[in-house]
Amino acid sequence: MTAAQASATLDSTSENPWHNAQRQFDEAAELLGLEHGLREVLREVRREYTVRFPVKMDSGDVRMFEGYRVQHNLTRGPAKGGIRYHPQVSLDEVKALAMWMTWKCAVANLPYGGAKGGVIVDPRQLSHRELERLTRRFASEISVLIGPDSDIPAPDVGTNADVMAWIMDTVSMEKGHSIPATVTGKPLDIGGSEGRASATGRGVTVVALEACRRMGWDPAVTTVAVQGCGNVGSVSAQLMQEAGFRVVAISDVLGGIYDPAGLDVPAMLSHRERTGKLSGFGGARDVTNAELLELPVDVLVPAALENQITAANAGRVQAKLIVEGANGPTTPDADRILEQRGIRVVPDILANAGGVTVSYFEWVQDIQSFFWEEHEINNKLERVMQRAFAQTMEQADKHGVSWRMGAYLVAVKRVADATSVRGIYP
């Protein structure tokens, strides 16, 4: 799929995520009273890099692929952000994700700016060897940007620890020495961090518990539906069940299952690993991804892709609390509908910041060549997430705005203040 086709597909099925990201920023900038020039700087990406590169397939044929690396802001530190392999990756999507990463790092008070990358490809259609060749060539193409002091990639949709290992090795070979801090989300054997794989889902669980405390809910009588069964969704479901929530629904790209009596999450995940699908598990009934979003549950965790809750379906969402495990799953128009209906939303830039927080821990450990135990990492992560949640609530209460806007006020002000202090060079 070409970039134009990907963009057309995105625009024909959903709102443009880049426009959504800018609208969210504009609203926060207005509430903060940012001066015009500062708004102009922060609402655009600093750097967007497009590469087109050949990959030799197992058949011997050569295919061309298109990829991107975008850096939104570098004021508070080196850029940080994942790399996504998906057939619908587009430049506007990557730009939006880079901007959201800036705010995510700022709301967690991490010394990073935001970046994102992606390749237009369905990784499921490639062999393991083809995936490695594609990754190494893409890493070589963007090596002019990435590095431990400039831009640190991490896994995202369609990528994993193996992909990060190949990127780290490619950059290291080109530099002539090992540079583990080039990427995060690596295998433990080459400088990865304990707790990284479960970090995003753990962060989702921490803020879900904080939100329930604020709302006076008992997790033991609180039902949860999770859209997405990848790293974020599956870990969120497991940890939320361990925390006492009753997980009643979960879905993946093929569809989902629903049992109002509750799912045995570990058994369900074993069934999926064994059969390749969720369908057919126990007495649960099949539901589509769209139906899962509208189930009669207390908490909804969208943990798949962006633009899942839109103006078209926000009026039918029955959950009273949404915890955004994915990036940008709710459009601005849907946000307004949810707010009018009294549905609380823990926004993506806060709810899924656990991943980048432990990525930061991994980067620090790589740089100092000293590694922490998992319980230390989990404790540090919990404190970061709880502090970010409290600061978000403080701003939301102070200004009488939504939780999303509370998080944006924290994040945008931090980046704006840093930008003002540093000034414009030259």
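User: In what order do the 5 strands of the open sheet stand?

Analyst: In this predicted model, 5 strands make up an open sheet with mixed pairing. Their order is S1-S2-S4-S3-S5.

User: Which strands of this sheet stand at the edges, and why is one side of each left without a neighbour?

Analyst: Each edge strand has a single partner strand, so one of its sides has no neighbour in the sheet. Neighbouring strands are turned by 25° against each other on average, direction ignored. The edge strands are S1 (47-56) and S5 (151-155).

User: Which residue of S2 is the bridge partner of Thr 50?

Analyst: S1 pairs with S2 (residues 62-73) in the antiparallel sense, over 10 bridges. Within S2, the partner of Thr 50 is Tyr 68.

User: Which helix gives the largest share of the largest nonpolar core?

Analyst: This core has 88 residues, and those touching the most other members are Trp 103, Ile 250, Val 301, Val 323 and Val 346. The largest share, 11 residues, comes from helix H4 (residues 91-107).

User: How many residues does the other core have?

Analyst: This other core lies apart from the largest one. Among its members are Val 51, Met 57, Trp 166 and Met 168. Its size is 23 residues.

User: Within what arc do the buried residues of H11 fall?

Analyst: Helix H11 (residues 332-340) has Pro 332, Ala 334, Asp 335 and Leu 338 as its buried residues. Seen down the helix axis, they line one face, because they fall within an arc of 150°.

User: Against which elements do these buried residues of H11 pack?

Analyst: The partners include two strands, S11 (321-323) and S12 (344-346). The full set is S11, S12 and the helices H2 (17-32) and H15 (403-422).

Key: Residues are numbered from 1 along each chain as its sequence is written. This is a predicted model: local features need pLDDT of at least 70, side-chain atom pairs count only at pLDDT 80 or more; totals for chains, interfaces and linings use all residues. Side-chain values use heavy atoms; hydrogens and water are left out. Two strands pair if DSSP finds at least two bridges between them. Helices (H or I, at least four residues) and strands (E, at least two) are DSSP runs, numbered from the N terminus. Axes are lines fitted to C-alpha atoms, for helices over the stretch in contact, and angles run from 0 to 180 degrees between N-to-C directions. A nonpolar core is a set of buried Ala, Val, Leu, Ile, Met, Phe, Trp, Tyr and Cys residues joined through side-chain atoms within 4.5 Å. Buried means under 20% relative accessible area, exposed over 50%, partly exposed in between (1.4 Å probe, protein chains only). The arc is that of the directions from the helix axis to the C-beta atoms. Contact means heavy atoms within 4.5 Å.
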